[in-house]
Structures are given as structure tokens and as C-alpha cells.
Amino acid sequence: MRKTPFWKQSWPRRLLWSHAIAVAGFYMINWWRTRPRESDQVESLSVAARARVSDLPLVSIIVPARDEEHNIQRCVESLLGQDYGNFEVIVVNDDSQDRTGEILQAIQQQHPHGDLLRVVEVKELPTGWAGKPHAMHQGALAARGAWLVFSDADTCHAPQALRSAFARAQEECADLFSMGAEQELPTFWERVLIPIAYMGISMLYPPRQVNDPNNPLAIAAGQFMLIRREVYEHIGGYAAPHLRATVLDDLDLARTVKAQGYRTRFLDGRGLVFVRMYRNFGEIWRGWLKNAYLGNRGGLPFLVVQLVGLFNVCIVPFLLPLLFFARIKGLSKRDITRATALELWALLSYRFWLNRKLGLPRWQALTHPLGAAIFEGILARSAWLVLSRKGVQWRGRTYHGAEE
């Protein structure tokens, strides 16, 4: 008996298998687009290799800090411990209301390399500026280095991080060199949500396209951005009108640098730079809320596609077994079993790979639909707050509100 062509079969069966193939294809393509090559990893320089890197220019490391009493000591002490040999650390205390200032003062007085640390105090935020770009601008004004490093206060740097990054930047002839940090995820909600964020960012900004000088796509990680001083000044720095009010300081800086013809590189800095971005569910929610919509490519139409797509590729595969109880005409149990197996095989294979990169146990893949469901809420809420001009809040300040 002749087999019925796929397009002539019942629409439930066509729909099921179309969905299964689309989901499997999504995870396979996303893995292929984002899997790192060996050359994408920034290697820690050996002692012998460090000795060969001579003629080290002064590097100014700038850290904007606002209410960072939980992070600032670890961050600054790791920076003061760099083995680069010719650097200064500038922390911009952005009107902190906690013990950030006291901690910085103690480091200056007690740390063996406290003389390398300078603190710039900022008390008022001028009209038209976002807090972090203004703090970074103030740090750049105080800097003396031929190269600038911008780093977030929630980071920790291995002693060889700066020297290894500088050597690789020289090798790559990079004008802006950024490293993605190793994520520290000690709590349940961090382990649930950060992998979903990582998947989304890597999908929107594949490393191969980002590092292709002929592709306009650009991104950088605020945890570590090394930029030539002359390039920073040529583009106007964070004082440029389109940068001074951004809440996507790293992304927009990279876009500007690359758009003006300079060479950008974004590589894997695991083992050299470490970050714990948020400490609880509330911080994760608020942190991603401020940039989830603005960091998207394609505006509102693409956001709608994302919301639909996120549900279909992250949540539906776990719901397919419910079809066993639906008794849909033209849909056999064998079809349901095979389609479910295909979707979950692709999803779990991708998550096992991603979990290895993030240092998570394999069972954490089972939280994939939970993380996706919460990010659906973050994406929708972020878009609503920006488009309605209600504004997004972060560290006691409101951005993209009606009053701007």
C-alpha cells in the first residue's frame, strides 16, 4: 500500500512534526552558531610568555560603583593584584548611600598596593545622563593611561587577567577588546535564569558574527572592556550624545566603535574574569528588566516573535506528553512519542552542553521551562515599561520614563 505523502496527512500530525522539526532545528542551529572555537578562548599567559610581553603602556582600570558594599572589596583587591606591572585603578563612587566609600578608603590605607587606587567621588547626576555612563565618563577624565579598562564592580579578576587580555588584544590588533566572564551561580534562581539569558544573548549576538569585521553586529561585556584611549576619545567617549543616557553601556560602546571602522573583539574570558551579577530573584528581575527590551534586535515586532518562540522551544517540548490524553483524530501515540523524544533530545543536548559551560549539573536542564516562563514575563514587562514611558528603575534611578 502506497504511503500517504506528508502534506496530505491529517493537519494535527503535520503540525506536530513541523513543530518537532522546528524545535530540533532551533537548538541545533543555535549550538552551531554559538559553539566556541578554541581560538575564542583567552588563554592565561604562562610565566615565560609574560616575560616576553614587554613595553607595557599604562592602563587605567575604571570601575563605576554605586552602593556596592557587597562587591567592591573583592573587585578592587583583585584588580590591585594584577601582574601587569603598569596600571592604575580608578573607582568612581557614584553617590553611594552604603559603606562603599568607607571600604575604598580602608583599601587605600591598608592594601599593599593601595597607592595604585584612586577614588573619584560623584555626588550629582547631570540632566540627560544615565548614572553608569556618567560615572565611566568621570573615570575616563581622571585616567592617565594610553589604554582604558572598564569593569563592573561585581567582578573578580585573576592576577594574570589584564596581561593576558592586553597580549591577546595586541595579537588581534583590537581597538576594543572585551572578555565574557565566568558566571558564579550559587543560588537556585541564578541557576534557573542566567542560562536562559545566556542562550538568548548568544542567539542574538553569535560570536563569529560579532568578531567578523565585515559584519556590523557588535557586543561587549561590561565585566571587562579594554579600549585604546585614542579610540575612546575619537568616538566621543561616554560623553557622546547617544551614549550618555544609555542603560546598555557595553553594547552601545561596542556598536559605536565598530560602526566607525575600528576593530572589536569579544572572546571567552572564563578563568580570568568572574562575575556574580545578581544575588536573589528580585535583583535578577530588576536587573534584566532594565535592558531586556532595549538590548533586543528588531524592536517590538521581534519581541513578539521572541515571546512566541520562547514558549514554543522552551516550554512546549515538556507539554507534548499531555497529547496522550487529548485523543486527537489522526494523531497516533507513536507520533506523539517520537516527536516528544526528538524535541527533548535536542533541548536537553543543548542544555547539557550549556550547563557544562556554566558549571551547572545536568539535572538543572529540567528547570529550562521555568526559566523561560519567567523570562517571558521579564521581556513583556520590560517592553511595557519602556514603550509606555513608565520607565525602568535601577539603583534608585528611573530611565526611559515620561519625564525624560
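E88 counts as buried, at 3% relative accessibility. Its salt-bridge partner, R144, counts as exposed at 57%, and the closest N and O of the two side chains are 3.0 Å apart. This is a predicted model. The briefing below covers its salt bridges, aromatic pairs, cysteines, one open sheet and a nonpolar surface patch.

**Salt bridges**

- Side chains of opposite charge can pair when their charged atoms come close.
- The count comes to 16 salt bridges.
- The pair of E88 and R144 links distant parts of the chain, 56 residues apart. E88 sits in strand β2 (residues 87-94), while R144 lies in the loop between α5 (131-142) and β4.
- E184 and R74 also meet in a salt bridge, at 3.0 Å from N to O. They stand 110 residues apart: E184 is in the loop between β7 and α7 (188-204), and R74 is in helix α3 (residues 72-80).
- E184 is partly exposed, at 25% relative accessibility. R74 is partly exposed too, with a relative accessible area of 38%.
- R255 forms a salt bridge with D252, with 3.4 Å between the closest N and O atoms. Both belong to helix α10 (residues 249-259); because they are three residues apart there, about one helical turn separates them.
- D252 is buried, with a relative accessible area of 16%. R255 counts as partly exposed, at 30%.
- Salt bridges also link R168, E172, R263 and R265 in a network.

**Aromatic residues**

- A pair of aromatic rings is described by the distance of the centres and the angle of the planes.
- The count comes to 12 aromatic pairs.
- One of the pairs is W147 with F166, which is edge-to-face. The rings are 5.6 Å apart centre to centre, with 85° between the planes.
- This pair links distant parts of the chain, 19 residues apart. W147 is in strand β4 (residues 147-150), and F166 is in helix α6 (residues 161-172).
- Both W147 and F166 are buried.
- F26, Y27, Y350 and W353 form one aromatic cluster.

**Cysteines**

- How many disulfides does a search of the whole structure find? It finds zero.
- C75 shows why a bond is missing at one site: its closest cysteine sulfur, in C156, is 7.8 Å away, which is too far for a bond. A disulfide needs the two sulfur atoms within 2.5 Å.
- C75 is buried, with a relative accessible area of 0%. C314 also counts as buried, at 0% relative accessibility.

**An open sheet**

- Three strands make an open sheet in the order β5-β10-β7, with mixed pairing.
- Its edge strands are β5 (155-157) and β7 (182-183), each of which pairs on one side only.
- β5 and strand β10 (residues 273-275) run antiparallel and are joined by three bridges.
- C156 has F274 of β10 as its bridge partner.

**A nonpolar surface patch**

- Which residues make the nonpolar surface patch of about 520 Å²? They are F311, L319, L322, F324 and F325.
- L319 belongs to helix α12 (residues 299-319).
- L319 is partly exposed, with a relative accessible area of 39%. Patches take residues with over 30% relative accessible area, so L319 meets that cut-off.

Definitions and conventions
Residues are numbered from 1 along each chain as its sequence is written. This is a predicted model: local features need pLDDT of at least 70, side-chain atom pairs count only at pLDDT 80 or more; totals for chains, interfaces and linings use all residues. Side-chain values use heavy atoms; hydrogens and water are left out. Patches are made of residues with over 30% relative accessible area and no salt bridge: like charges are joined within 9 Å, nonpolar side chains (Val, Leu, Ile, Met, Phe, Trp, Tyr) within 5 Å. Accessible areas come from the Shrake-Rupley method with a 1.4 Å probe; for residues, only the protein chains shown count as cover. A salt bridge is a side-chain nitrogen of Lys or Arg within 4 Å of a carboxyl oxygen of Asp or Glu. Helices (H or I, at least four residues) and strands (E, at least two) are DSSP runs, numbered from the N terminus. Buried means under 20% relative accessible area, exposed over 50%, partly exposed in between (1.4 Å probe, protein chains only). Two strands pair if DSSP finds at least two bridges between them. Rings of Phe, Tyr and Trp (its six-membered ring) pair if their centres lie within 6.5 Å; planes under 30 degrees apart count as stacked, over 60 as edge-to-face and the rest as tilted.
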